[in-house]
Structure formats: C-alpha cells, structure tokens
Amino acid sequence: MTQDTNIGGASGRFPATHWSAVLAARSDDPAERARALEAIAAAYWKPIYKYVRIRWSKSNEDAKDLTQDFFATLFEKEYLDAFDPAKGRLRTFLRICADRFVANEAKAATRLKRGGGAAHLSLDFDAAETELQRASPHLQLAASPESMDDFLEKEFIRSLFGIAVDKLRSECESRGKQAHFRLFEMYDLESDGGRKTSYTELAKQFQISPTDVTNYLAFARREFRRIALDCLREMTASEDEFRREARALLGVVPA
Amino acid sequence: MNWLSDEAIARLQTASALPDLAGTRYRLIERVGGGGMGTVYLAEDSVLGRRVALKILDLPELRADLSARLLREAQILGRLEHPGIVPVHDAGTLADGRAFYAMKFVEGERLDMLARRIDAIPDRLRIFQRICEAVAFAHARGILHRDLKPENIMAGPFGEVLVMDWGVAKILREDRTPREDHTEVPVESSPAETKPLKTAHGTVLGTAGYMAPEQARGEIDRLDERADIYSLGAILQFLLSSKRPTAGEERLKIESAPLSSAGSAPKAVAAISQKAMAEDRANRYASVSDLASDIARYLDGSPVSAYPENVFHKVARWATRYRVAIGLVLAYLIVRAFLLFWLRR
C-alpha cells in the first residue's frame, strides 16, 4: 500500500497518549500547534476534498486547490481558535468553514497570492479522487445539508479508520507480527464477493492452527480498536465529546 | 492507504464494538441489550458451563469514572444477596480496557411486557409484593435503587421476580449487618475503590413518571428510602392501569382525582398507590415494609391503612372476605326455609 500523505499517518510521530490535537491547535508553542494542525489535516483532508467535489460540484483540479488553500488558510488565520467543543463537533465546524471558504472562492487572486507563501501540504489527491469514483453512489446524493453531514461523517470515519489501519500495519511490522496484520487484512478488510474465508482455510494458507487464527485476529482487532480510538481522542477536546464520537465511530447504538 | 469499502468499515465497526474476551473464562454468544453505561451480552462461562450476562462498557475509560461506576454497581449487587436481586458472579477489566461484570443471565420477561398477559389484580399484586421484598432488603442494607420501573423488573419462567439495573443506586449508609459468621460485610475492598462516587446535587437521575418529585428536582442529598417508595407506587399504578404514570402537572391531576382514577382498580389499592406517590414524602409510607403490609392486608381482605373506610365499604369488604362462608350460610338458610315451607303444606 502506498502512503497517501506525509502528514501524520503511519509515521509514528504521534505518541499513543491521550493528546488532543484540537486543544493543542491553540497552544502558544508553534511546534505544538503545527503538529496539531498536521494531525487534523491528516484526518480531514480527504473528507473535505470529497465534500468540496460533491457539495460544491467542483472539478477535480478546483477541489484540489480549494482543499489545499482551505487548510492553509485554516492554519494561517488560526480559525480553529474560534472552535468551541462545547458548542458542536469539529467536523461540523470544519464543514461550515469550508462552505464559507468555497463561497468566497471568487477572490481567486487572493488565494493564488496566499498560496505562494503558505505551507503546502503533500496530499495524494489522485488517491482521493479514485476513492470518490469508487464510492460513486455518494455522487448521486442531493447536496442537502443533512445528507452532506452524513456524507462527511462517513468519510471522516473512512479516513480515520484508514489512518488506523496504516498505523496498525506499521506497528505489526515493527513487532514482527506481519501475519497478524495480513490475517486481519484478509478477513476484515478485503471483500471477496461477499464470501467469507473460513478460519480453517486461513489456517491452511498461513500454516497455523485455527486457534492461532482466532488469537491473531483478536490481537489485530484489539490493536486496531486501540489505535482508532487513540486517533479519535486526538480529534476531540473532552472525554464527553470523545464518548459521543466513539459511539458513532464504532457504530455503537446509544442506549 | 488503501480505500476502505463501506462493507469493510461495517466489519471493522462490528469487530471493534464487540468486547475482547481473550484471556477470560467467557465466550461471547450474542448482544442482548444496551443500558445507560454499556451493553449487555449473553456469554458462556466456559469453566462452569453455564450462561451468564456480561455488562460491558462500550469504551475503555480515560478518566475511569464510568469504570468505577460499573464496578460500584457490581459491588452493590455483591452486597445484595437476595432471591429478588440478580446475583453478580465476577467483575474486572477486559484486555481491550473495558470494565465489565458478569451476572446471572435472567431468562424471562420484563414486567411491562408480562403485565399485558396477567389480568387478575391479585396476581399482579403478588408480583408487586416480590418487588417490595427485594427493595426492602436493599434498603435494609442501606442502598437506594433510584430507577425502579417496570423495564427494570424481570420475571422468570418459574415465578421468580428480579430487580435489575442498579447502575444509579445510591449508598445511603454503610452496611453494618452482621453475617452469619458474625463478621461484618466489607463495604469496599481496596482504598481505590473506596473513593466515593458522589452524584452532584442538582443532577437528575431516574425515569420520568417513576421518579419522586424531589428526585426530579435533582435534590440528590435529600433522597432517602421514600424516593424508592414513590417509584414503587408508580409501578403499582402501572400494574393497576397498564399505563405509564405521567410526570409533572398531569401526575398531580391524577393525584387530586377521585381514588378510582387508576383505571378499574380497587379503590383500596389505588389509595395505596397514591399514598406511596404522595407529593410530600412525609405523607408517603415510612418504609417499603409498610407499603407491602398494606398490599398483604388488601389481599387478605383486611382494611388497609391508606384507605379509611365508611360503614358501607366495611360491609362490602367483609362480605367479600367471607363470601364463601356467607354463601354457605345463605344456601343453608334458603334450603331450611324451603323445607319449612314444604313441610307446612
């Protein structure tokens, strides 16, 4: 698998602690702020790109520019300082910011001028565009605010799970547990036309016992869950917000 | 990063949401329900070969407050060894960091469902008595349930009645009831666990319609056994009318309505319900035992404390209580009169 972007991702630069990018984005320490903004961009650039493509019916090239410029402006103008976790989700805040930004796109000259000096994020837009085409049913969505909220949430989950999968792969490789990851990949990630490979078949293929398949998968899922929740914690500012978001992320039906 | 399909995301969500029971004695069977704090799963205890219910937090806790609450719920259940209270078997933390406890898996029906199938008022009242017994036992151990409602009562296939979901229970006082071996019951087992989990004054815990007015106002510090007595009165009202009691102004209207307002319930039982649900807790029963005694007296055909009778009511109750004897005497008198009339002809 290729690395889409050099921000965050599987680089392992972020400690698996309970650091919040949302809070760190307001830090007085420039290095801390930069690190926080990179983490936010890593999780949100794909959802925002796809959102701009669909909600605003922008071409591939325009959406690329707008996404780049949006995150550059977000960081430059310190828009995140205005985000209040008590009043709403970061995702909703970013969507509103993106809408305002795109609506003002007529100021193209300003954007081009700013682009010259702004930090340029290395983003794999081709991969994002390919994903968008594969998820073609989403393109049929009417661009109503409600459906776009759902769309953005789904794409955020996809993006965050993707980051978690990459981190899991990296961790498994560093710990010599490639088979654990490969099993997880084959059983939980890859689609085989709806047919589920049995544990017995996997055991034969990997030359291990079916019990080992169970244990390997349990390990990989446990680690995946931990990593995904750690990533989510970075995107939330409080424990309550984390709980709400985690329920959505894991598809847990609230009581 | 490879693109994750919707199906892959759904599989990841399912796999991530399921508890990781690796290293435990339990084998997951299925999800059976959700609660305020977590999810309840049916599992098999592989050591004892029996089915158990596992209550598991949905997420590992950073602040550990919910974990502490779940553990506290398990400890409360551990203190309440009573046939009417679901027994807890085990508690701990799973490999994925989520707190859990194992309890008896109760196969049965919730009271709100069961009540639909039971028509006879005395049968409903006998179930109510069982609920009162369990709650009275908890009160004797210094514990308030604070969320008594039909949805938290399970009735088993062999007539057992169990009070469930002690997640918002309040410890009124430490239990000093001596055990049979004359040692005191340890309240908490470690310093960390003795950390009080106090609910802030002003917090509203409970269910509208079943919550005492002082509980609905968030007067946490003022709550005592009479808050549960109110809830029991609301459950009794539900059993009489098969309708969920209403909260607030509507409830007050019901209280001020004639005694027969609780559907077609006997006036004496409706009066018991209304006394238990008195707005001013000073006017409620002083204890669950007093409430249960009134129910027992009603079932026995004796006068109940909540319902002052006039002479007609007394006669009617007396006639009902001794209806068989009265019937036999009347039958005897009729036959006797008939024979006298026949012999004089």
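Helices and strands are taken here as DSSP runs, with at least four residues for a helix and at least two for a strand. On that basis, chain A of this predicted model has 12 helices and zero strands. A walk along the sequence of chain A therefore gives the pattern α-α-α-α-α-α-α-α-α-α-α-α.

Two overall figures help to round out the picture of this chain. Chain A has 255 residues, of which 40% count as buried. Among its contacts with a separation of 6 or more, 70% are accounted for by residues 24 or more positions apart.

Chain B brings a sheet into view. Five strands form an open sheet here, in the order S1-S2-S3-S5-S4, and their pairing is antiparallel. Strand S1 (26-34) and strand S4 (88-93) of chain B are the edge strands, each pairing on one side only. On average, and with direction ignored, neighbouring strands of this sheet are turned by 25° against each other.

Within the sheet, one pairing can be followed down to individual residues. Strand S3 (residues 50-57) and strand S5 (residues 99-104) of chain B run antiparallel and are joined by five bridges. B:Ala53 has its bridge partner in S5(B), namely B:Met103.

A helix completes this part of the description. Helix H2 of chain B, covering residues 65-79, packs on the sheet. The strands touched by helix H2 are S2 (38-45), S3, S4 and S5 of chain B. As for orientation, the direction of helix H2 makes about 25° with that of S5(B).

Methods. Residues are numbered from 1 along each chain as its sequence is written. Chains are lettered from A and ligands numbered from 1 in the order in which they are written. This is a predicted model: local features need pLDDT of at least 70, side-chain atom pairs count only at pLDDT 80 or more; totals for chains, interfaces and linings use all residues. A residue is buried if 20 or more other C-beta atoms lie within 10 Å of its own, exposed if 12 or fewer, and partly exposed in between; C-beta atoms are placed from the backbone. Two residues are in contact if their C-beta atoms, placed from the backbone, lie within 7 Å. Two strands pair if DSSP finds at least two bridges between them. Axes are lines fitted to C-alpha atoms, for helices over the stretch in contact, and angles run from 0 to 180 degrees between N-to-C directions.
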